[in-house]
Every structure is written in C-alpha cells, then in structure tokens.
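This report introduces one protein chain to a reader who has not seen it before. It begins with a single side chain and then widens to the whole fold.

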Amino acid sequence: MKAIIAEDEIHLADDLQRRLRRLWPELEIAAVVHDGVAANAALAEHDPDVAFLDIRMPGLSGLGIPGL
C-alpha cells in the first residue's frame, strides 16, 4: 500500500507520518506535501492507494482536488 500526506501545517504532517510509520509499518509514504496544488501533483505522480488530505490548504482544499 502506498500513501500521500497533504497537510499545510508541517508539525501535523510530521506527526501523522510518525504515527503511520509506527502503526502501519508496511505503508509506503510516497510524498508529504503542504498545499493543494502539490497534493494534486503527488496524486497524479504516485497514484496512491490512500491519501490523507487536509480539508483547508493553500491552493486547493483537500475536498476540491480534481479526480478524487
């Protein structure tokens, strides 16, 4: 399984990444991004099985990303 994390607050993204690595060690975190535009690009590039998307981010909201 492959995932991306999109969170504009860096400390929250880091915390989520740490927790996921501890609780779900077989999950590959392909990208950690900090805005909606980068999240959209990461989704297209990595084709993850799971995406952890912040709802309010600069550029695009996690709910407004095309193709979801």
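R18 counts as exposed, because its relative accessibility is 54% and the cut-off for exposed is over 50%. The model is a predicted one.

The side chain of R18 forms a salt bridge with that of D15, at 3.8 Å from N to O. D15 also meets R19 in a salt bridge, with an N to O distance of 2.8 Å. D15, R18 and R19 are thus linked in a network of salt bridges. The count of salt bridges is two.

Both pairs lie along one element. R18 and D15 are in helix α1, which covers residues 10–23, and they sit three residues apart, about one turn of the helix. R19 and D15 are also in helix α1, four residues apart.

The accessibility of the three residues is as follows.

| Residue | Relative accessibility | Class |
|---|---|---|
| D15 | 25% | partly exposed |
| R18 | 54% | exposed |
| R19 | 43% | partly exposed |

The protein as a whole has two helices and three strands, in the order β-α-β-α-β from the N terminus. Its radius of gyration is 11 Å, which agrees with the value near 11 Å for a compact globule of 68 residues. The C-alpha atoms fill a box of roughly 30 × 25 × 15 Å along the principal axes.

Of the 68 residues, 34% are buried. Among contacts between residues at least 6 apart in sequence, 61% join residues at least 24 apart.

The exposed surface is about 4,300 Å², with 53% supplied by carbon and sulfur atoms. There are 6 positive and 12 negative side chains, and the centres of the two sets lie 7 Å apart.

How values were computed:
Residues are numbered from 1 along each chain as its sequence is written. This is a predicted model: local features need pLDDT of at least 70, side-chain atom pairs count only at pLDDT 80 or more; totals for chains, interfaces and linings use all residues. Side-chain values use heavy atoms; hydrogens and water are left out. The radius of gyration is taken over C-alpha atoms; the globule rule is 2.2 Å times the number of residues to the power 0.38. Buried means under 20% relative accessible area, exposed over 50%, partly exposed in between (1.4 Å probe, protein chains only). Contact means heavy atoms within 4.5 Å. Accessible areas come from the Shrake-Rupley method with a 1.4 Å probe; for residues, only the protein chains shown count as cover. Lys and Arg count as positive and Asp and Glu as negative; His and the chain ends are not counted. The place of a charge is taken as NZ of Lys, CZ of Arg, CG of Asp or CD of Glu. A salt bridge is a side-chain nitrogen of Lys or Arg within 4 Å of a carboxyl oxygen of Asp or Glu.
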